[in-house]
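Hi everyone, thanks for coming. Please have a look at the structure on the screen, and then I'll walk you through it piece by piece.

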Amino acid sequence: MTVLKALMLPCDGEVVDGFREIDVYDLPTACDSTVTGLYLTGDVDQEYLLDQRPLLDSFVTGGGRIVINGHVQRKFLAGLTTWRTLDFRNPRDLTLSRVTEHPVWAGTDPKSFLYSTGAPGPVPFEELERIGVAGFYGRGWYADLPEGTRVVHTLGTTYAPIDYDYPFGAGRVLVHGGNDLLQFASAARGTERLRTQLLRWLEGHDD
């Protein structure tokens with residue numbers, strides 16, 4: 001059982017925190033029958049992934065799971081829709097609301113993802129509101145979602161979908177329309193469990 005993390009840089013296949021890190025351009029050879037899940041970082045080459053759509057479609061329909069981070073502009077997998085910029089003016093427009101529970105985010109507070117700050121260690125939410133910067137989790141959304149979609153999080157008072165997943169064949173696709181989810185797995189936020197829950201989901205243990 002293997003979970004790949006595809007990055008936009010040369011990698012030697014080392015396993016880091018349970019993820020086997022590969023160069024995205026090595027995907028055709030790395031994605032073999034032992035792979036259950038694939039994590040795509042937000043900066044990977046979407047033009048290249050578009051060329052690999054038959055491989056990705058086959059992987060997911062055969063039972064694989066994939067996490068897609070960032071701003072989808074090329075429909076490199078069936079069911080994907082393109083990312084749209086959110087019209088926002090203040091942190092309230094970027095507030096994260098959980099509309100459906102999901103095993104990847106289980107036990108985490110949506111408020112813990114809203115602000116980022118350079119202050120070390122845990123910072124009370126009230127202090128984050130004063131000194132933090134909102135929007136690192138995501139500043140855009142997705143419309144025209146595929147049939148069977150489960151929206152997990154929305155943004156602002158318009159409830160614009162930012163996190164969603166959907167079934168495709170025997171597998172599942174999870175899309176996060178912002179910076180890489182693994183960046184938000186930290187003890188300071190109280191969200192360190194996000195990393196292990198992502199890994200577990202990609203291994204196929206939770207629905």
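Let's begin with the sheet: in this predicted model, nine strands form an open sheet in the order β2-β3-β1-β4-β5-β13-β12-β11-β7, and the pairing is mixed. Which strands stand at the edges? They are β2, residues 15–16, and β7, residues 96–98; each has a single partner strand, so one side of each is left without a neighbour in the sheet.

What does mixed pairing look like here? For a parallel example, take β1 and β3, which pair over four bridges. If you want to find that pair on the screen, look for Leu 4, whose bridge partner in β3 is Arg 20.

Now, two helices sit on this sheet. Helix α3 packs on it and touches β4, β5, β12 and β13, with its direction at about 130 degrees to that of β4. Helix α5 packs on the sheet too, touching β1, β3, β4, β5, β12 and β13, and its direction makes about 135 degrees with that of β5.

Let's zoom in on α3, which covers residues 53–61: Leu 56, Asp 57, Phe 59 and Val 60 are buried there. Looking down the axis of α3, you would see these buried residues within an arc of 160 degrees, so they line one face of the helix. Their cover includes β4, β5, β12 and β13, along with the helices α1 and α2. After the helix comes Gly 63, with a positive phi near 120 degrees.

Over in α5, residues 193–202, the buried residues are Leu 194, Gln 197, Leu 198, Leu 199, Trp 201 and Leu 202. Just after this helix, Gly 204 has a positive phi of about 90 degrees.

Next, the nonpolar cores. As a rule of thumb, nonpolar side chains in soluble globular proteins tend to be buried together. Here the largest nonpolar core has 31 residues, and the ones touching the most other members are Leu 38, Leu 40, Ile 66, Ile 68, Leu 77, Leu 80 and Val 173. At least two core residues come from each of β1, α1, β4, α2, α3, β5, β12 and β13. Leu 77 is a nice one to click on: beyond its neighbours within four places in sequence, its contacts include Leu 56 and Val 60, as well as Ile 66, Tyr 166 and Val 173. Apart from this core lies another, of 28 residues, with Phe 19, Leu 86, Leu 94 and Leu 182 among them.

Back to the strands for a moment, because of β12: eight of its nine residues are buried. β12 runs antiparallel to β11, joined by five bridges, and β12 pairs with β13 in the antiparallel sense over six. On the β11 side, Val 151 has Tyr 164 as its bridge partner; on the β13 side, Asp 165 has Leu 174. The hairpin of β12 and β13 has two residues between the strands, and Gly 169 there takes a positive phi near 60 degrees.

One last thing to look for. Most residues other than glycine have a negative phi. Which residue in the loop between β11 and β12 should we check? Tyr 159: its phi is positive, about 55 degrees, although it is not a glycine. Tyr 159 counts as exposed, at 52% relative accessibility. Asp 144, in the loop between β10 and β11, also has a positive phi of about 55 degrees, and Asp 144 is exposed, with a relative accessible area of 60%.

Terms used: Residues numbered from 1 in each chain as written. Predicted model: local features only at pLDDT ≥ 70, side-chain atom pairs only at ≥ 80, totals over all residues. Heavy atoms only, no water. Buried < 20%, exposed > 50% of the residue type's maximum accessible area, 1.4 Å probe, protein only. Arc of directions from axis to C-beta. Contact = heavy atoms within 4.5 Å. Pairing = 2+ DSSP bridges. Axes fitted to C-alpha atoms, helices over the stretch in contact; angles between N-to-C directions. Core = buried A, V, L, I, M, F, W, Y, C linked by side-chain atoms within 4.5 Å.
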